[in-house]
Amino acid sequence: MTRPGEEEAMDPEQELPRDERDPATERHPDERSPEQERHPDGSDPAAGERTFGALPPARGRAFARSWWGQAWLKALEDTALDGGQLKLGRRHARAGAVGAVSVRPGRITAVVQDSDHTRHRSDVLLQQLGAADWDRLLDLVADRAGHIAALLDRDMPPVLVEDASAAGIELLPGIGDLEAECSCGAWDHCAHTAALCYQLARLLDQDPFVLLLLRGRGERQLLDALQARSAARAAGPAGGAGAAGGERPGAGVPAAEAYAARDILPPLPAAPPPVAAPGVPPVLGGATPPAPGVAVAALEFLIGDAAGRARGLLADALSAGHPDDPLPPVLTPAQDAVRLAAAGPGEAISARLAAGSGRDARALALAVRAWELGGPAGLAVLEEDWTPEPEALARATGRLAAAWEDGEDRPQMRATRNRWTVAGGGAQLRHGRDGRWWPYRREDGQWAPAGPATDDPAGAWAVLSAEG
C-alpha cells in the first residue's frame, strides 16, 4: 500500500479516458443534490457549503504536501480494507476523473467517473464537533493569536492540533473516522470514495479551513465568533477571561500578538475629517475667582497651544506620507519651554517660562532665536558644547579648510571642540551633531545665532561675511 506523499509508477496506457462532458455538471439519476439533503438536526448544509471546481490531473506529484493533508490520507489508508481500491482511486484522482467537490459540515460530495464513463455520486462523512467542543476550541484559538495568524495564512500549526487534542477535541480524522457512501453500492471505501479523498487532500493543502468546515464551522462563521470573543475580552474585566484568570486589568497584549490578530478584531472607526483651524480656547474668567497661584492667562495659552498641536498631529496622521515620516523628537521640559516662548505668549508668560526652565530673559530670547532658526537641533547647537570623534573632527576640519579658494584671504580661526572662532573677531562657526554648520556672532558679550544651518561651511561663513 502506498503511503501518503509517496508516488507510484503510472502506466500511460492505463490512464482513464475523460468524457468531453464535465461529470460535475451532471448528476446520476438516483442521486440527490446537496441542496436537497438535510442534516438529522434539520439544519441546512447549503448555508455552510463550499464548492470547488474540478482540479486538473495530478500526474507526477504527491496528493498532499502539508502534514495535515498527509494525516487525512493516512486516516483513509488506515480505514480502507481493500488496497486495490485505493490504488484505483489514486489513478482516478490523478487522471482528473473527480468532478467538482462540495464540502459542507460533516460531508464531502463529488461525482467520480469510471473508465467506461459511468458516473457515481460519492460521499465521505466525518463527524462534526459538538457545540461544547467548538466553544472550547474557539476559546483556545482566541487565547493564542499565533493560531489565528497561522490559519489566516492558510497554515495548520501542529501546536493548534496538539492544544485541541489536550482539550479533548480531535480536529484531524483517525482510523475509522472517514465513512464512505457511494452510488456504486460498495459498503466500504471504493475507488470512487478513495479518489474523492485523494482529491480533497489537495484542497486541504491549499486551505485548512476546509477541514474546519467539515467539522462543522465555515471560515466566516469561525472568524465572526473569534471576533466576538476578542471584542468581549477587550471590553474589560466584567465577565472577561482576563479577570477570571487573575490577569491585571488593562495589562494589554504583546504588539506582535495584536498585529497577528488584526483580521479578526473589530474594525477601527473611520478617520476623523481634517480640521481647518484649532478651536478657540475657553474664557476662564467669570464671577468665580481663580484658585490661588493659578494664572488664568497662562492656562488659556496652554489650552490654545494644546489645540494647535492636536490639529497638527491630526493633519500629519491624515497625510499620505505619514507612515514614512520619522517620529517627532520628544522634548524635555526645558526645550518645550522654548517652543512655547517662540509662540509669543507675552512678557508675563515668557517670564514664567524663563524661570521654569532655569533661564533669564536674555537667555530665553537667544534660545527662542535658535529655535526659530533650527528647532531642537538649533537649540542644541546654542546650548551644547561637545567634542566630535577624531574621524568626524578631521572631516570637519578638512571641509572648513576647503571653504576658501586658493589665494583667498582666509581668517585665522581657533578651534575649540565643535566651534571655530575667528581670532580677534566676533564671528564663529559651530558644527552640529548632524554635520551641518551654523553661523554665530558676538552680541553684547554673548554668542548668538546669526542664521540657519548649511551643509557647507562656506555657506555659513557667507552669512557672517554679509552681515559684517
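## Working through a sheet and its helices

Five strands, in the order S6-S7-S8-S9-S10, make up an open sheet with antiparallel pairing. Keep in mind that this is a predicted model.

**Exercise 1.** Work out which strands stand at the edges of the sheet.

*Solution.* Start with the strand order, S6-S7-S8-S9-S10. Now look at the two ends: S6 (413-416) and S10 (446-449) each have a single partner strand, so one side of each has no neighbour in the sheet. Those two are your edge strands. While you're there, check the twist: going from one strand to the next, it averages 30°.

**Exercise 2.** Describe how S6 is joined to S7, and find what is special about Arg417 in the turn.

*Solution.* First, the pairing: S6 and S7 (residues 419-422) run antiparallel and are joined by 4 bridges. Next, pick out partners. Met413 has Val422 of S7 as its bridge partner, and Arg414 stands opposite Thr421 in S7. Finally, follow the chain round the turn. The two strands, S6 and S7, form a hairpin with 2 residues between them. Arg417 sits in that turn and has a positive phi of about 55°.

**Exercise 3.** Find which strands helix H14 lies across, and which ones helix H15 touches.

*Solution.* Take H14 (residues 361-383) to begin with: this helix lies across S7, S8 (427-431), S9 (437-443) and S10. Against S10, H14 runs at about 50°. Then move to H15 (residues 390-401), which packs on the sheet and touches S6, S7, S8 and S9. The direction of H15 makes about 35° with that of S7.

**Exercise 4.** Decide how H11 and H12 are oriented to each other, then sort their contact residues by class.

*Solution.* Begin with the axes. Those of H11 (residues 296-318) and H12 (residues 333-342) come within 12 Å and cross at roughly 95°. Angles of 65 to 115 degrees count as roughly perpendicular, so that's how H11 and H12 are arranged. Now for the residues: Phe301, Leu302, Asp305 and Arg309 in H11 meet Asp336, Arg339 and Leu340 in H12. Sorted by class, this contact has 3 nonpolar, no polar and 4 charged residues.

**Exercise 5.** Do the matching job for H3 and H4: how are they oriented, and which residues make the contact?

*Solution.* Axes come first again: for H3 (residues 131-143) and H4 (residues 145-152) they come within 4 Å and cross at roughly 95°. H3 and H4 are therefore roughly perpendicular to each other. On the H3 side, the contact uses Leu140, Val141, Ala142 and Asp143; on the H4 side, Ala145, His147 and Ile148. The class count for H3 with H4 is 5 nonpolar, 1 polar and 1 charged.

Conventions: Residues are numbered from 1 along each chain as its sequence is written. This is a predicted model: local features need pLDDT of at least 70, side-chain atom pairs count only at pLDDT 80 or more; totals for chains, interfaces and linings use all residues. Side-chain values use heavy atoms; hydrogens and water are left out. Axes are lines fitted to C-alpha atoms, for helices over the stretch in contact, and angles run from 0 to 180 degrees between N-to-C directions. Angles under 35 degrees count as roughly parallel, over 145 as roughly antiparallel, 65 to 115 as roughly perpendicular and the rest as oblique. Contact means heavy atoms within 4.5 Å. Ala, Val, Leu, Ile, Met, Phe, Trp, Tyr, Cys and Pro count as nonpolar, Asp, Glu, Lys and Arg as charged, and the others, Gly among them, as polar. Two strands pair if DSSP finds at least two bridges between them.
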